[in-house]
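This briefing is for a reader who is meeting the structure for the first time. It covers a sheet, a helix, a metal site and the nonpolar cores, in that order.

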Amino acid sequence: MKRQLLLCLLTGFSLASFGQKDKPDLTVVKKIREEGLNRSKVMETAFYLTDVNGPRLQGPGFMKAANWSKNKLTEWGLQNARLEPWGEWGKGWEIERSYIAMTAPYYKTLIAVPRAWSGGTDKLQQAEILYIDESDTTALEGYRDKLKNKVILIHQPFAISPSFNPDARRFTAEDLAKMEKDDSAPRDSSYRSLIQAMRTRNAFNQKMRKLAKQGGALAILNTSQLSKDGTLFVSGDFANAASGTAHDDLADLTISVEDYLSLSRLAKAGVPVKLELDVKTRFFTTDTKGYNVIAEIPGSDPKLKEEVVMLGAHLDSWHAATGATDNAAGCSVMMEAVRILKTLGLKPRRTIRIALWSGEEQGLHGSKNYVAKHFIDPNTRKFTKEGEQLAAYFNVDNGTGKIRGIYLQNNTAAGPIFAQWLEPFHDLGATTIAPKSSGGTDHVSFDRVGLAGFGFIQDGIEYSTRTHHTNMDTYDHLIADDLKQASTIVASFVYNAAMRDQKIPLKKETAESGR
Ligand SMILES: [Zn+2]
């Protein structure tokens, strides 16, 4: 009875807390808008992270950008800017040279990028193709003696067709209305079967690469149905990065699907094909640890300054381009958000902490390890004091598109709060509260242990067609106005979260506590 009364009181309290007092301070919003929309530095930051720095693959490319960001955040007046190690990662890797062409039946350069952690060819080499028309691993054994000095090409069952859809897209009013009603879990059965198909293909590829290496092959070529029209989707075999494993000497190149299918047709028809290639890659073993960039705007309220509002994005990228939309965009937005708050001299009650993660592309390593180290007691599996003090985490990692709203991760109690925080930005296209979870990036590291972690809804633009993990993910695919809008909204959200009397409610707490 007593407990029920307590629950009622607490619930009443929490309902009241979603009322009038979550209206943002409009004087501050106005200032944030002026700084974020009219005096933005977001594209300057993006320029340094992409054009100047180059690719930010886990290793030296990432470290260069991490140091630049740390220094920039310090220059803007943030405190405790540092590179915080999160644990053992493995080897760094870079391409030093990469060239491949067909020399017979005629000369033609191929559109190609080595996969990350690929080996090289030692020097410029001439080679014939070995075309393998098999899809099961046992049949591969039959090729063991034919591999020496060959470039391996495995039959691909697909063809390509022209696309009649535009590359770039924004959410329509109907799309957004649907999202407001959709509270489905993020991983459905089609996702699971996709993952299963990917695992089977990876197992085959791993076996093929091992065999090719043992048999003295010179290189292996691969492609995907999406890698057309000059856009290559390239990732890498990060098993080769593990400390202690031998460097993989086999050159492993992604080439355009048009080149791939052309070589396959020639090989199948028995037309003699010759290739020449020169690939040089480098592994780095001096520092095999992974690092996150961390910096803070200290809180000003004696009672609340120990509590922390975090914002973050992953700074590491794949290597075929400069990772502009994945995720220099998100990092530039987050850095810009704290720059805006710092420049305006606002005094947040809670501490605001920015994190630029690494190892995201290989499995959310930076954020996952940060959460484990800071927020979860390894023995009890409960929140540490620091975990209790985390008020909220906000993430941006869906490309260059402007913010259209926020995903609740099924945290319904956060909905009415965020709805009020979005109100002053309806005119900029940010209106939608989507109950469902979004996945695939660093807020998941927070959400899955029960912390309040959120990602924003962003217009897709060309993310899935052109830029995400491709050789076209470059500065010119960024949209300045969208990034300015996103920085402004993130700055306002983070400020509101730092000023609110209570922390953002947690999912498990929403029913019975006043948080
Ligand atoms: Zn990303």
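Eight strands form an open sheet with mixed pairing, in the order 3-2-9-5-6-7-8-4. Its edge strands, strand 3 (108-109) and strand 4 (112-114), each pair on one side only. The model is a predicted one.

**The sheet**

- At one edge, strand 2 (residues 92-104) and strand 3 run antiparallel and are joined by 2 bridges.
- In that pair, M102 stands opposite K108 of strand 3.
- Strand 6 (residues 150-154) runs parallel to strand 7, again with 2 bridges, and I152 stands opposite I220 of strand 7.
- On pairing with strand 8 (residues 251-255), strand 7 is also parallel, here over 4 bridges, and L221 faces L253 of strand 8.

**Strand 7 and N222**

- In a regular strand, side chains alternate between the two faces of the sheet.
- Strand 7 (residues 219-222) is covered on both faces: A219 and L221 are buried on one side, I220 and N222 on the other.
- N222 has a relative accessibility of 16%, so it counts as buried, the cut-off being under 20%.
- Beyond its neighbours within four places in sequence, N222 contacts R115, R209, D252, L253, T254, I255 and Y260.
- One of these residues, T254, is 32 residues away from N222 along the chain, yet the two C-alpha atoms are separated by 4.8 Å.

**Helix 6**

- Helix 6 (residues 173-181) has D175, L176 and M179 as buried residues.
- Viewed down the helix axis, the buried residues of helix 6 fall within an arc of 95°, so they line one face.
- These buried residues pack against strand 14, strand 15 (432-434) and strand 16 (453-458).
- The face turned away from the buried side of helix 6 carries A173, E174, K178 and K181, which are exposed.

**The zinc site**

- Which residues coordinate the zinc ion? They are H314, through NE2, and D326 and D397, through OD atoms, with D397 listed twice, at 1.9 to 2.6 Å.
- Along the chain, the donors of the zinc ion follow the spacing H-x11-D-x70-D.
- D326 lies in helix 9, while D397 is in the loop between strand 13 (390-395) and strand 14 (403-407), so this pair ties together parts that are 71 residues apart in sequence.
- Why is the arrangement around the zinc ion irregular? The 4 donor atoms subtend angles of 52 to 147°, whereas a tetrahedral site would need all angles between 85 and 135 degrees.
- Both aspartates count as buried, because relative accessibility is 3% for D326 and 6% for D397.

**The nonpolar cores**

- In soluble globular proteins, nonpolar side chains tend to be buried together.
- The largest nonpolar core here has 82 residues, and those with the most contacts inside it are M310, I354, F394, F418 and V490.
- Helix 9 (residues 324-343) gives this core its largest share, 11 residues.
- Leaving aside neighbours within four places in sequence, I354 is in contact with L73, L78, V293, I294, A295, L311, M334, M335 and V338.
- A second core, separate from the largest one, has 35 residues, including Y131, L147, L218 and L277.

Definitions and conventions:
Residues numbered from 1 in each chain as written. Predicted model: local features only at pLDDT ≥ 70, side-chain atom pairs only at ≥ 80, totals over all residues. Heavy atoms only, no water. Core = buried A, V, L, I, M, F, W, Y, C linked by side-chain atoms within 4.5 Å. Buried < 20%, exposed > 50% of the residue type's maximum accessible area, 1.4 Å probe, protein only. Contact = heavy atoms within 4.5 Å. Donors = N, O, S within 2.8 Å, 3.2 Å for Na, K, Ca; no water. Tetrahedral: all angles 85-135°; square planar, octahedral: opposite > 155°, others 65-115°. Arc of directions from axis to C-beta. Pairing = 2+ DSSP bridges.
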